[in-house]
Amino acid sequence: MTTTATALLWASDHQYYVRGDEFDTSGFSYTGFNGLLAPLTAGHGISRPGHFALIMTGTELGPVRVTLTQHTTTPPPPELDAWDDIVEAGLHLSGTRPGITDAHDTDPLPPLAHTAGHPCRIRVCARGRDLGHQQLILDDHTPLEHHLIEVWPGPTAPLRIWQTTDAYGASFR
């Protein structure tokens, strides 16, 4: 079974988050960062598996269109031609209501209920981050970038970089 929802998330400081009950970015450093998806553990920075994740946007401040697809089994490989950057990681989200949260601390997408307390995989596909970065602040609320987040139960396998082609992400690698 697959469920899909799309919403506008508000990026601030070029980011939004996938979080469980544990959420503290104070130990984050860009060392080893792929430029899109950082699985994190509080106080330890990038880790595998992470207990929450930072997703980097090109847009400094403004809306990003995010589609969340929750799968009960491993999805097919991503469509490489449709996206600029694609990164997949293992997470172990704690708590009873893990989800995706934006800079306003709102959860406009459905919770990641089937992942609570269990290892899962997350795949983030992004396009338009270079456009978002050129504009930086979007006053008219029209998103320039689109992200697809796919989540499914699975082992906390190593990070997988499918492709990284945008210039904005390259500035972190």
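Two strands are taken to pair if DSSP finds at least two bridges between them. The legends below describe close-up views of a predicted model.

**Figure 1. Strand β3 and its pairing with strand β5.** Strand β3 spans residues 37–41, and β5 covers residues 52–56. The two strands are antiparallel and are joined over four bridges. Within this pairing, Pro39 has Ala53 of β5 as its bridge partner. Five of the five residues of β3 are buried. Leu37, Pro39 and Thr41 point one way from the strand, while Ala38 and Leu40 point the other way. In a regular strand, side chains alternate between the two faces of the sheet.

**Figure 2. The hairpin of strands β3 and β4.** Strand β4 comprises residues 45–46 and pairs with β3 in the antiparallel sense over two bridges. Leu40 of β3 has Ile46 of β4 as its bridge partner. Three residues lie between the strands of this hairpin, in which Gly43 adopts a positive phi near 75°.

**Figure 3. Strand β7 and its partners β9 and β11.** Strand β7 consists of residues 85–92, and seven of its eight residues are buried. An antiparallel arrangement joins β7 to β9 through eight bridges; here Gly90 is matched with Arg121 of β9. Strand β7 also pairs with β11, residues 160–164, in the antiparallel sense over four bridges. In that pairing, Val87 stands opposite Ile161.

**Figure 4. Surroundings of Gly128 in the loop after strand β9.** The loop that holds Gly128 connects β9 (119–127) to α1 (129–135). Gly128 counts as buried because its relative accessibility is 14%, below the cut-off of 20%. Apart from neighbours within four places in sequence, Gly128 makes contact with Asp84, Leu144 and Glu145. The C-alpha atoms of Gly128 and Asp84 are 7.6 Å apart, although 44 residues separate the two in sequence.

**Figure 5. Environment of Arg19 in strand β2.** Arg19 belongs to strand β2, which comprises residues 15–19. This arginine, Arg19, has a relative accessible area of 15% and is therefore buried. A polar atom of the Arg19 side chain lies 2.8 Å from the backbone oxygen of Arg97. When residues up to four places away in sequence are not counted, Arg19 touches Phe52, Leu93, Arg97, Pro98, Gly99, Thr101 and Asp107. Arg97 thus appears both in this set of contacts and in the polar pair with Arg19.

Definitions and conventions:
Residues are numbered from 1 along each chain as its sequence is written. This is a predicted model: local features need pLDDT of at least 70, side-chain atom pairs count only at pLDDT 80 or more; totals for chains, interfaces and linings use all residues. Side-chain values use heavy atoms; hydrogens and water are left out. Buried means under 20% relative accessible area, exposed over 50%, partly exposed in between (1.4 Å probe, protein chains only). Contact means heavy atoms within 4.5 Å. A polar contact is a pair of N or O atoms within 3.5 Å; within protein, one must be able to donate a hydrogen and the other to accept it, and residues adjacent in sequence count only if both atoms are side-chain atoms.
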